Amino acid sequence: MSFDRETPVFQLAFPPRKRYRPVLLPVWVHQVTAPTGYSRTLDVFQTVVLRLCAAGVRDVGDLSRLIGLDTALCRTAIARLVEGRLMEPGLKLTEAGRRTVAEGEVAETDFQLVRVFQDPATGGLLPRILVADPVRADLREHRGRWVTIQFGTAGASREVSALTLRAGGSSMRPSERDVLEACRSHDLAARGLRGASRGPSDTVVTARRIGFQGTANPAYVVCYVVEDNDGSGRMWTVEDPFAVGDGRFLADLLAARAESDEPLGRLIDDLLGGNRRDRTATARKIDQELAEEARTDVIRILGEEIRDHPEVLAHLADIELALLKDTARERENAARTAIRVFECILPGLNERFPARLPPSREPGVRERAFVLTAQRLGATSVPPEMRKYCRNPKTGLAGDIIRAVWAAGENPQHPFVTFIRRRPTLLDDLDRSRILRNNATHGPTGSPASDELEHIRTLAYEAARHLLGLSGGSTNSKKVN
């Protein structure tokens with residue numbers, strides 16, 4: 001198989017509003033049956049869209065006016081709901097979508113057929129997946145490596161010229177671990193999270209059976225190189241074509257190619273002008289050095305044992321990176337990442353210490369039982385947002401916390417017993433961190449203040465110590481300017 005003018009071109013996201021240049025990234029597309037955690041958490045926009053459609057709204061324009069959200073963003077939220085099988089085309093809810101609206105939370109996702117994308121140059125998987133059928137762009141003209149593609153449909157279409165990147169390499173079947181990590185990375189990006197210090201060797205995923213369906217097929221994905229000075233020294237990036245993340249992985253992928261691909265280098269220079277491409281390359285090199293320094297700091301603080309928990313190590317390193325760089329973007333990432341430490345640890349902890357929930361589901365019975373258990377363990381208070389999940393704590397961070405507290409009330413050897421005793425405000429702190437994460441991802445308040453950033457850093461380290469049983473030294477505070 002080869003990449004040529006007959007190869008399908010996938011346009012997975014709308015062109016950005018910033019200055020951009022489109023490029024066609026060649027990929028091998030593997031279809032596999034795999035678990036995805038995408039539908040475990042919905043953002044605030046997806047939740048509102050789902051509920052309005054359940055109430056009978058059937059027009060994207062009406063949705064846009066009711067929410068006060070740009071039509072393109074509404075379409076992106078709808079695409080994510082369709083991808084998560086909560087909605088069908090035509091703004092109609094599936095059975096899973098109706099159940100989500102009724103119960104207020106999303107059920108765990110079963111194994112399903114997904115597409116994973118492999119970079120032919122390196123053989124590595126992109127940290128993105130696709131569940132819904134991809135939207136194909138129309139190829140109008142082909143002149144060497146430059147092609148003309150049509151965006152949009154009749155009445156709102158336009159043609160743009162795009163550079164086709166060289167393919168190189170052949171299709172290789174990825175490992176089960178790589179497929180699972182791609183699913184996990186997509187899930188993190190969909191929640192507004194980014195692992196700046198995370199690399200392919202940093203994460204260990206529990207092996208589960210992955211089913212490959214047929215052989216890989218060639219395709220191109222439309223990527224948008226955009227001018228974007230985020231304050232870190234980077235002058236350009238890539239708009240994530242999957243519309244779930246910040247696109248830095250793809251930007252680094254193109255940056256590596258630009259060094260040996262003269263047309264791509266000229267395209268970036270034409271977008272930026274002057275020597276700003278070189279400044280971006282320098283900023284990326286500094287990023288890598290800072291990320292390694294952040295990992296070293298975590299290991300120094302928690303000891304070598306933290307290497308046995310590579311995903312937690314990566315998240316803590318991301319928080320350290322936010323303190324080192326101290327940009328608005330990195331502060332927001334730190335607010336999101338602190339919660340991920342708990343999301344990494346608690347599911348395994350709950351498997352080791354299963355909780356017996358009170359049998360009654362009468363309103364208020366489980367809530368009172370949970371509050372009494374938390375107070376008996378030493379918690380000073382229980383946030384109202386956490387109480388409402390007590391009746392049916394299925395999935396998500398709130399459910400994991402509730403199960404851990406109940407299990408700790410029955411077992412004095414549970415790590416939560418010591419954790420709450422040492423930190424009586426733990427439940428309130430977790431609720432505050434959740435609010436900071438949501439504000440950083442969706443709200444208008446942006447990045448956390450210096451004292452809040454230090455607070456959530458300390459909380460994340462204490463979680464690693466108490467819940468993983470680490471014996472590292474004390475957390476040395478870093479000054480946040």
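Strand S1 (residues 9-10) and strand S11 run parallel, with two bridges joining them. In this predicted model, S11 covers residues 217-227 and is mostly tucked away, with nine of its 11 residues buried. Below, we start with the partners of S11, then go on to the nonpolar cores, a surface patch and some salt bridges.

**Strands around S11**
- On the S1 side, look for Val-9, which stands opposite Tyr-220 in S11.
- Strand S2 (residues 20-34) runs antiparallel to S11, and 10 bridges join the two.
- One facing pair here is Arg-21 and Val-225, the latter in S11.
- Strand S12 (residues 236-239) is antiparallel to S11 as well, joined by four bridges.
- Val-226 sits opposite Thr-237 in S12.

**Nonpolar cores**
- As a bit of background, nonpolar side chains in soluble globular proteins tend to be buried together.
- The largest nonpolar core here has 58 residues, and Leu-316 and Phe-416 touch the most other members.
- Helices that each supply at least two residues of this core include H8 (276-302), H9 (310-325), H10 (328-352) and H16 (450-468).
- H10 is the top contributor, giving nine residues.
- Skipping neighbours within four places in sequence, Leu-316 is in contact with Val-298, Leu-302, Val-341, Ala-460, Tyr-461 and Ala-464.
- There's also a second, separate core of 32 residues, with Leu-163, Ala-189, Phe-242 and Ala-251 among them.

**A nonpolar patch on the surface**
- Val-44, Phe-45 and Val-48 make a nonpolar surface patch of about 200 Å².
- Phe-45 belongs to helix H1 (residues 44-54).
- Phe-45 counts as partly exposed because its relative accessible area is 31%, and partly exposed means between 20% and 50%.

**Salt bridges**
- Side chains of opposite charge can pair when their charged atoms come close.
- The model has 19 salt bridges.
- Glu-95 and Arg-98 form one of them, at 3.2 Å from N to O.
- Both residues lie in helix H4 (residues 95-103), three residues apart, which is about one turn of the helix.
- Arg-98 is partly exposed, with 44% relative accessibility.
- Glu-141 pairs with Arg-143, their closest N and O atoms being 3.5 Å apart.
- Glu-141 is partly exposed at 40% relative accessibility, and Arg-143 is partly exposed at 40% too.
- Arg-423 and Asp-429 meet in a salt bridge at 2.7 Å, N to O.
- Arg-423 is buried, at 9% relative accessibility, and Asp-429 is buried at 9% as well.
- Arg-145, Arg-166 and Asp-261 are linked into one network by salt bridges that share partners.

How values were computed: Residues are numbered from 1 along each chain as its sequence is written. This is a predicted model: local features need pLDDT of at least 70, side-chain atom pairs count only at pLDDT 80 or more; totals for chains, interfaces and linings use all residues. Side-chain values use heavy atoms; hydrogens and water are left out. A nonpolar core is a set of buried Ala, Val, Leu, Ile, Met, Phe, Trp, Tyr and Cys residues joined through side-chain atoms within 4.5 Å. Buried means under 20% relative accessible area, exposed over 50%, partly exposed in between (1.4 Å probe, protein chains only). Contact means heavy atoms within 4.5 Å. Patches are made of residues with over 30% relative accessible area and no salt bridge: like charges are joined within 9 Å, nonpolar side chains (Val, Leu, Ile, Met, Phe, Trp, Tyr) within 5 Å. Accessible areas come from the Shrake-Rupley method with a 1.4 Å probe; for residues, only the protein chains shown count as cover. A salt bridge is a side-chain nitrogen of Lys or Arg within 4 Å of a carboxyl oxygen of Asp or Glu. Two strands pair if DSSP finds at least two bridges between them.
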